[in-house]
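Thank you all for coming; I would like to take a few minutes to walk through a structure that is new to most of us. Please have a look at it first, and then we will go through it together.

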Protein chains: 2
Amino acid sequence: MTPAHNSTRHDRDGVARAALALLDEVGLADLSMRRIAARLDVQPSALYWHFASKQALLAELADRITAGIPRGDASVLDTARGIRDALFAYRDGAELVLSTYALRLGSSSAQTAVHDALVADGADSPHERAAAIMHFVLGHATLVQQRMHADSYGAVMADDEVGAEHDVTAGLDRVFDLGVTALTGVVSGATAPRRDRA
Amino acid sequence: MTPAHNSTRHDRDGVARAALALLDEVGLADLSMRRIAARLDVQPSALYWHFASKQALLAELADRITAGIPRGDASVLDTARGIRDALFAYRDGAELVLSTYALRLGSSSAQTAVHDALVADGADSPHERAAAIMHFVLGHATLVQQRMHADSYGAVMADDEVGAEHDVTAGLDRVFDLGVTALTGVVSGATAPRRDRA
DNA sequence: ACCTGAACACCGTTCAAGT
DNA sequence: ACCTGAACACCGTTCAAGT
């Protein structure tokens, strides 16, 4: 209906923004270079002026998704929740980051945020714990996000399955909190003075 | 050289075995129905007599990978290591299982094995902890396996990066043990009597 | 600086038809 | 019971050429 989209001539940022919006609509499996190009009213080959490869484009999308995590002095649990919610903010966001961040996770701002929160809590082995928490959050978020997508896609349950495991997603929230808390590993209420509302 | 492979006429098991062997050689990204068919000296369409879709074939491969986990009365840590090693036994095994098991993880023999080991250790909330441990193991194994692949693929480091983080993979083993131990959450050495070598 | 057009070497899947 | 042959609707990527 609307003639709207057809200025043909984009920059790197515009391509990334269109790709991110399309990801949210169609999911990672259906996010093709040709679909992104069509969305921009451009030939597929045009995308290769802005990005060297599809992998490079996906890496940029992963960076944009994780750029939305809150910084500053939050608890370890709140920091982890912030990361999880950033991954949830886009369809298949967790899977995309998981499959893209193998080499850069350690130097990611997400992991350093967790690390800093651990140090503030006086946790031992903050480096290892930060890595473990990131592995857990990424695994958890990927599984939950896949299940969300599969559930919304139908997958009709038998009558005796409905409600059998009494609300699945609420249980998954408990799993997340329990996991992060256990991995934080602060034993007593001692060691570091928490700077609440300084 | 060898004429060997050309009996043309296979069953479901033979197709799955060939696909699993090919996965180990080329990785998940290059595991196509057409490549599997070529390996079996068969047209791609022939595979659809044995499996309804590529997704169904991948699900079967995931089942075969996780079928290799040891059962019986091991500690939680040893059970988790067994699962991790089963995922490591095939190239991209962790990623394949992670992307396939969203809906069946809870009923998988892997998670029930962890659950049983937790109960034997007298851990509280064994259901939630078993889920958390599986999420952690799958996230961890996927990340580590990707890094292994990327590292072997070149990725030349600058001189000042070499050895900078003093052996990465050894550190990842420590992250795994710390993570599983923390998630097991047994506080004292009390509660359940460990049945060591009964 | 940014895009087109055409090509190359691939994909998963369906379906009538063969044996 | 298991496979072929042909087709359909797609992929990512390269590269000369245009503006």
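Before anything else, a word on terms: helices here are DSSP runs of at least four residues, numbered from the N terminus. Please also keep in mind that this is a predicted model.

Let us begin with DNA strand C, which is surrounded by 17 residues, the closest being Arg9(A), His10(A), Gln43(A), His50(A) and Arg34(B). Of the atoms of this strand that come within 4 Å of the protein, 56% belong to sugar and phosphate. Helix H3 (47–50) of chain A and helix H2 (33–39) of chain B each give at least two residues to the surface near the strand, and H2(B) has the largest share, with three residues. By class, that surface is made up of five nonpolar, seven polar and five charged residues.

Looking at individual contacts, a polar backbone atom of Gln43(A) lies 2.6 Å from a phosphate oxygen of DNA strand C, and a backbone N or O atom of Met33(B) is 3.0 Å from a phosphate oxygen of that strand. Ser45(A), by contrast, places a polar side-chain atom 2.8 Å from a base oxygen.

Turning to the interior, how many cavities of 30 Å³ or more does the structure hold? There are two, and the largest has a volume of about 60 Å³. Its lining includes Thr66(B), Ile83(B) and Tyr101(B), and divides into ten nonpolar, two polar and no charged residues. The second largest cavity holds about 40 Å³ of space, and Thr66(A), Ile83(A) and Tyr101(A) are among the residues that line it.

Notes. Residues numbered from 1 in each chain as written. Chains lettered and ligands numbered in written order. Predicted model: local features only at pLDDT ≥ 70, side-chain atom pairs only at ≥ 80, totals over all residues. Heavy atoms only, no water. Near = heavy atom within 4 Å. Polar contact = N/O pair within 3.5 Å; in protein donor to acceptor, adjacent residues only side chain to side chain. Nonpolar A, V, L, I, M, F, W, Y, C, P; charged D, E, K, R; others polar. 1 Å grid on protein atoms, 1.4 Å probe; cavity = no way out; pocket = protein on both sides within 12 Å on 5 of 7 lines; lining within 4 Å. Points joined across faces, edges and corners; volume = space filled by probe spheres on them.
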